[in-house]
Amino acid sequence: MQTQATLQTPICCRSRQPVCRAAAGPVVTAAAAAPSVLLPPETLRSARLLYATAGAPAHTYPGHKECAERVPAILTALEHSGMTPYERPEELVQLEGFSAAPLEAVLAVHAGKYAEALEKLSRRAAESGQPQFVEQETTYLTGSTYSDALLATGAALALVDNVVAASRQREAEAANSSSSGGSSGSSLAAFAICRPPGHHCTPSMPMGFCFLGNAAIAARHAQRAHGLQRVLIYDFDVHHGNGTQDAFEDDPDVLFISSHQSGAYPMTGKVGEVGTGAGEGATINIPLPGDSGHNAALEVFETIVAPAAQRFKPDIILVSAGFDAHWRDPLAGLQFRTSTYNALSASLKQLADQLCGGRIVFLLEGGYDLKALGDSVVNTFLGVLGEGPVDPFNPDLLRDEPTDKVQHVLQEVRRIHGL
Ligand SMILES: [Zn+2]
């Protein structure tokens with residue numbers, strides 16, 4: 001087994017070094033339930049957007065698109081845009097000192113033997129000095145992959161904890177101040193800038209550069225640690241979130257909505273995949289034709305995501321935020337813009353404010369053009385803060401959207417799901 005010390009060591013992602021114990025908060029054992037560090041009450045009250053970074057610098061492979069440069073590219077773009085706690089101390093906060101996800105949380109989604117196998121593969125890579133490959137060598141593991149995946153999931157869990165704490169504090173203060181006419185202030189959203197991504201791995205199999213289902217584990221954590229029964233997961237990565245779907249396909253309490261490019265990896269996510277058993281209807285797939293872009297993305301939100309969410313009435317919204325539907329991305333063929341992510345994130349934040357006390361956590365999935373990735377996350381931050389887009393790319397380079405084909409898909413999804 002990998003040592004607990006390795007799994008427990010929190011990493012300061014700004015310095016890429018382990019943080020000191022004093023800053024890291026309490027040591028979390030593999031069996032502990034709460035990996036989190038909570039912001040002080042005054043920060044929970046005032047901050048608008050909390051983010052955590054888990055960059056997995058040693059989980060990388062030469063020439064692979066899911067590489068160690070992804071998180072630094074995002075952080076550089078945020079710095080260049082002034083989207084840092086230093087520049088905007090009243091709104092932005094970075095969560096430091098969170099811990100790796102406890103095994104107990106992971107096992108709410110993944111099989112125990114799967115976690116053991118991941119750890120074993122990662123250890124084999126460490127001992128041999130050679131990466132290990134799965135899935136026809138498209139997905140690699142290094143010696144740090146298992147601990148990096150646990151830390152990425154830990155970021156997601158810690159953000160859920162803080163968003164829930166902020167909303168409950170806000171609700172309590174609103175109740176207290178209602179008699180005196182006070183204001184409850186604005187809600188706290190969160191973004192996990194973490195990798196490796198998570199939405200492709202199934203409960204028992206790594207897939208598509210993914211090892212632990214960050215969004216799925218965060219959903220179960222929200223239910224079990226915080227009593228939030230109904231979780232909406234919206235996945236706008238260009239690829240279908242098959243792993244998340246697998247985790248909840250028979251669960252009526254988790255509404256999973258995925259918009260993705262039809263026919264792209266992993267070839268699942270057809271409109272007829274609607275969930276099974278008690279979960280029938282709680283899976284909504286929207287396979288968009290190639291070249292679908294900004295207009296299609298907004299119409300997906302307005303005609304499917306928003307009404308489905310309003311009908312479902314979630315207690316928290318999780319967003320599998322992949323940015324590989326951007327037109328510059330090398331792995332797929334949709335045409336979202338950086339400003340598309342601004343509009344989507346603003347709308348999702350409004351939906352969370354309307355339906356679930358503002359509780360919303362974005363989790364990084366794909367996004368492999370580093371410039372587009374960084375600028376898209378900047379635009380997501382802006383959208384969450386209620387500010388308009390900054391899009392550095394020339395939209396004249398885009399092709400016409402296949403409007404008729406998009407309408408056909410949306411009508412079919414709405415018919416199947418009664419929306
Ligand atoms: Zn993807």
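# How the terms apply in this model

Author: Within strand β9, Ser-258 is the bridge partner of Asp-235. This is a predicted model, in which local features need pLDDT of at least 70 and side-chain atom pairs count only at pLDDT 80 or more, whereas totals for chains, interfaces and linings use all residues. Residues are numbered from 1 along each chain as its sequence is written, and side-chain values use heavy atoms, with hydrogens and water left out.

Reader: How do you know that strands β8 and β9 pair?

Author: Strands are DSSP runs (E, at least two residues), as helices are (H or I, at least four), and both are numbered from the N terminus. Two strands pair if DSSP finds at least two bridges between them; 5 bridges join β8 (residues 231-235) to β9 (residues 254-261), so the two strands meet that condition. They run parallel.

Reader: What makes β8 mostly covered?

Author: A residue is buried under 20% relative accessible area, exposed over 50%, and partly exposed in between (1.4 Å probe, protein chains only). In β8, 5 of the 5 residues are buried; Val-231, Ile-233 and Asp-235 point one way and Leu-232 and Tyr-234 the other way.

Reader: What makes certain atoms donors of the zinc ion?

Author: Donors are N, O and S atoms within 2.8 Å of the metal (3.2 Å for Na, K and Ca), and water is not among the atoms, so sites may look incomplete. The zinc ion is coordinated by two OD entries of Asp-237, by ND1 of His-239 and by OD of Asp-324, at 2.0 to 2.8 Å, so these atoms satisfy the limit for zinc. Along the chain, the donors follow the spacing D-x1-H-x84-D.

Reader: Why is the zinc site called irregular?

Author: Four donors count as tetrahedral if all angles lie between 85 and 135 degrees; four count as square planar and six as octahedral if opposite donors are over 155 degrees apart and all others between 65 and 115; anything else is irregular. The angles among the 4 donor atoms here are 51 to 151°, so neither description for four donors applies and the site is irregular.

Reader: Why are Asp-237 and His-239 called buried?

Author: Asp-237 has a relative accessible area of 1% and His-239 has 8%, so both fall under the cut-off for buried residues.

Reader: What makes Glu-135 and Glu-137 differ in exposure class?

Author: Glu-135, at 21% relative accessible area, is partly exposed, whereas Glu-137, at 59%, is exposed. Glu-135 lies in the loop between β5 (132-134) and β6 (139-141), where Glu-137 is also found. Phi is near 55° in Glu-135 and near 65° in Glu-137. Most residues other than glycine have a negative phi.

Reader: How do you know that the length of helix α7 agrees with its number of residues?

Author: The expected span of a helix is 1.5 Å times one less than its number of residues. For the 34 residues of α7 (residues 145-178) this gives 50 Å, and the end C-alpha atoms are 49 Å apart, which agrees. Because 24 of the 34 residues are buried, α7 is largely enclosed by the rest of the structure.

Reader: What makes a residue count as touching Ala-308?

Author: Contact means heavy atoms within 4.5 Å; leaving aside neighbours within four places in sequence, Ala-308 is in contact with Leu-255, Ile-257, Ile-284 and Leu-419. Ala-308 belongs to helix α10 (residues 294-312) and is buried, with a relative accessible area of 2%.
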